[in-house]
Amino acid sequence: MWRPGNWSTPSPQPSRSASPPLQINNNAIPQRSYAPSPLGRRPTTGAVRPPLNHRSSMLSLAGGNTPNMSTTSLPGQLIQQQGVGYRKAVSMPLPPGVRDPIGVLEGILGVPVGMKEKADSVDEIPKLEYGEGIDFGGLSLEEFVKAGTGDGNLPKIREYNEQSVEDYENEKEKFQDLHRSIKACDEVLKSVELYLSAFQTDLGTVSGEIESLQNRSMNLNKQLENRKAVEKLLGPIVDDIVLPPNDVRRLVEGDVNDTWVKALYETDRRISAIEAKDPAKVKAVREVLPELEKITHKTIERVRDFFVSRIKALRTPGANAQLIQQQGFLQYQQLFHFMANHHSQLAEEIAQAYTNTMRWYYSTYFQRYHKTFEKLKLHTMDKNDVLGHEEPTRNGGIMPSLKGSSGPTYDPFNIGRRIEILRNRTAPIMTAYQAEDDKTTHYPEYHFRHFNAALIENGSSEYTFISEFFAHKKYDQISHMFNQIFEQAFNLGKAFTKSLTDNTFDSLGLLICVRLNQYALFEMQKRRIPAAEGYLNATNMLLWPRFQIVMDAHCESLRRVNTNSRMLTAVSGPASRQSAAPHFLTQRFASLLQGILSLSAEAGDDEPVQNSVGRLRSDFEAFLTRLSSGISDPRKRERFLFNNYSLILTIIGVSSHSNDTDGKLAVEQKQHFEALKSAFRE
């Protein structure tokens, strides 16, 4: 455990300055940068302390014979080499990352071990100055001592050994303290070693657990990625299949409102998505289909009850059909489409119930409206109001089916303000309540306009509603449904028009009704409502023939005047033959012609008005020619014709500033009468 090199030389006074003895006490141990034994650190627990080296064997010499006594001397070269290796070992710096053993020992013991020596004193290694040249001669140490009694050098060696032993005995307690300290250090190091071994084992365990956690984390990440990928694929499918419980509860138990409609929309979307999937491939679809069927049946039942209640509301007296249609039907149009998609037969039954209800509604409404117009006063023009009648009467009767009244005097040949009804086509429609309080006498076109305008507007609104609400139906089905609803109302309208026109001789009123009907027809085409064209065409078929009949009556009356000498004499009179003033029939003719031309400003070439005007003009010119033949003076006769044609041109608007008579037909008539006027100009 120590190096006694200072005492191995034969010098009687060994130098102790080169390597002073170790100073050991109970509190301090000299600090060294190398291990105290050349054999290195002690082995692990259970190992035996290694035997002393060759230098420590010298201490056994004083103790007597030992079985391991060496018989050979130690070569000095080897000793020098060991010294060199030892110095090299202690002078080498610590490896990187290795702590100072003395510092570690101080941390374990908790007390300072001692001060470090200076670098130069550490490098001083005791040298074996004595005994390096001793030759044992092949003897053991014991034999060498016995044989060397006669040698002069032996007493010195023995003296040295005895002195060394004495010094050792003096320092024995210190060495024992050192030995005990070293043993205590060994025990502490042993416990540290056990602690470090346990710590290393724990570190290994922790490392294994960390590695296990890393593996689990990697597996969890992979599982998470896989689940995200699966969720990305299955998420929309699951969302389509799963029905929210709140929506189901709302559909079964909640009130039908906007929230209910939204829940139905989501449910219908999911039902469509589920029905699009193959139940044989998706188990969830097979499981949810029975529940979907139950929910669908319950929802259809609630939708049916909802629309039945709305249809019943239409039968309430004084109900506003358009308001109910907007708030009770169109606002919940999606509900009916749901029922039509999932139960078409029930949807058809609801549609038929609506059709029957609205047919009753419009029939009842227009019957009341018709009865109201029957009570209105009407200017009735009979056969006495034709153009060639001598003194046309001013009967104030009404239609046979209408209540008679003695209205104010009227002019059946002058259009006057009657044309305003065409210019104010967007004027409000008279309601039944207003008609009941109206005491004014009106022309036939007034009744015709209000009744047919109400019929057309209601028909337009109803057709628009049917097309939008029953959008799942085809065009011919919608037209058939519309005709079923308005069949009775249209028949009532045609009957009303026929009652107005059958017995009248009001040609201007008939032509105004024709223009109103044409405007209604154009408006229906503009709104793209072809279902009402049948009624409007049928109305035209009632108006045009009656207009032709009345125009023929005017022409016939003029022809009767020409062929009847008695009537011709009565018309002309003795004084008239001598006068060049225009005849009163000329004013009638001009007023009637001006009214017809004003109503025909936008007339087409295919209308019967042009032929009727041509016949009426020819008969009237024949009448003037026949009437002028009774005047004997040619100049007076020409002046008579000139004055009559001038009056006609003045009335029909020969001035370019007149806007009453425009159009192709008016231009032709003006040019014709202008030529006649020029022909008889003086």
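Colleague: Which residue lies over the face of Trp-360, and at what distance from the ring centre?

Modeller: This is a predicted model, and the side-chain geometry described here should be read as such. A charge is taken to sit over a ring if CZ of Arg is within 6 Å of the ring centre and within 35 degrees of the ring normal. Over the face of Trp-360 lies Arg-315, and its distance from the ring centre is 5.2 Å.

Colleague: Which residue lies over the face of Tyr-433?

Modeller: The arrangement here again involves an arginine and an aromatic face, with 4.7 Å to the ring centre. The residue that lies over Tyr-433 is Arg-368.

Colleague: How is the aromatic pair of Tyr-195 and Phe-199 classed?

Modeller: The structure holds 36 aromatic pairs. In the pair of Tyr-195 and Phe-199, the ring centres are 6.4 Å apart and the planes make an angle of 15°. Because planes under 30 degrees apart count as stacked, the class of this pair is stacked.

Colleague: Why are Tyr-195 and Phe-199 separated by about one helical turn, and is each of them buried, partly exposed or exposed?

Modeller: Both residues belong to helix α6 (residues 172–241), and they are separated by about one helical turn because they are 4 residues apart in that helix. Tyr-195 has 57% relative accessibility and therefore counts as exposed. Phe-199, at 40% relative accessibility, counts as partly exposed.

Colleague: What is the geometry of the pair formed by Phe-329 and Phe-469?

Modeller: The ring centres of Phe-329 and Phe-469 are 5.6 Å apart, and their planes stand at 80°, so the pair is edge-to-face. The pair links distant parts of the chain, with Phe-329 in helix α10 (residues 321–329) and Phe-469 in helix α15 (residues 444–469), 140 residues apart. Phe-329 and Phe-469 are both buried, and the geometry asked for is edge-to-face.

Colleague: Which residues form one aromatic cluster with Phe-329 and Phe-469?

Modeller: Phe-329 and Phe-469 belong to one aromatic cluster. Its other members are Phe-306, Phe-307, Tyr-332, Phe-336, Tyr-354, Phe-465 and Phe-470.

Colleague: Is Gly-328 buried or exposed, and with which residues is Gly-328 in contact beyond its neighbours within four places in sequence?

Modeller: Gly-328 is found in helix α10, and at 4% relative accessibility Gly-328 counts as buried. The C-alpha atoms of Gly-328 and Ile-311 are separated by 9.0 Å, the two residues being 17 residues apart along the chain. Leaving aside neighbours within four places in sequence, the contacts of Gly-328 are Phe-306, Phe-307, Arg-310 and Leu-323.

Colleague: Which residues touch the most other members of the largest nonpolar core?

Modeller: In soluble globular proteins, nonpolar side chains tend to be buried together. The largest nonpolar core here has 127 residues. One of the three residues in question, Leu-335, is in contact with Val-256, Trp-260, Val-261, Leu-264, Val-303, Phe-306 and Phe-307, if neighbours within four places in sequence are left aside. The residues that touch the most other members are Phe-307, Leu-335 and Tyr-354.

Colleague: How are helix α17 and helix α20 oriented relative to each other?

Modeller: The axes of helix α17 (residues 507–527) and helix α20 (residues 584–599) come within 10 Å and cross at roughly 0°. That makes the orientation of α17 to α20 roughly parallel. The residues that meet are Ser-507, Leu-508, Leu-511, Ile-512 and Arg-515 in α17, and Leu-592, Gly-595, Ile-596 and Leu-599 in α20, in an arrangement that is, once more, roughly parallel.

Colleague: What is the orientation of α11 to α12?

Modeller: Helix α11 (residues 333–342) and helix α12 (residues 344–374) pack with their axes 5 Å apart, at an angle of about 130°. The orientation of α11 to α12 is thereby oblique. The contacts include Phe-336 and Met-339 in α11, which meet residues of α12 including Leu-346 and Ile-350, and the term for the packing remains oblique.

Colleague: Which residue has a positive phi although it is not a glycine, and is that residue buried or exposed?

Modeller: Most residues other than glycine have a negative phi. The residue asked about has a phi of about 60° and is placed in the loop between α17 and α18 (533–563). At 71% relative accessibility it counts as exposed, and its name is Arg-528.

How values were computed
Residues are numbered from 1 along each chain as its sequence is written. This is a predicted model: local features need pLDDT of at least 70, side-chain atom pairs count only at pLDDT 80 or more; totals for chains, interfaces and linings use all residues. Side-chain values use heavy atoms; hydrogens and water are left out. A nonpolar core is a set of buried Ala, Val, Leu, Ile, Met, Phe, Trp, Tyr and Cys residues joined through side-chain atoms within 4.5 Å. Buried means under 20% relative accessible area, exposed over 50%, partly exposed in between (1.4 Å probe, protein chains only). Contact means heavy atoms within 4.5 Å. Rings of Phe, Tyr and Trp (its six-membered ring) pair if their centres lie within 6.5 Å; planes under 30 degrees apart count as stacked, over 60 as edge-to-face and the rest as tilted. Helices (H or I, at least four residues) and strands (E, at least two) are DSSP runs, numbered from the N terminus. Axes are lines fitted to C-alpha atoms, for helices over the stretch in contact, and angles run from 0 to 180 degrees between N-to-C directions. Angles under 35 degrees count as roughly parallel, over 145 as roughly antiparallel, 65 to 115 as roughly perpendicular and the rest as oblique.
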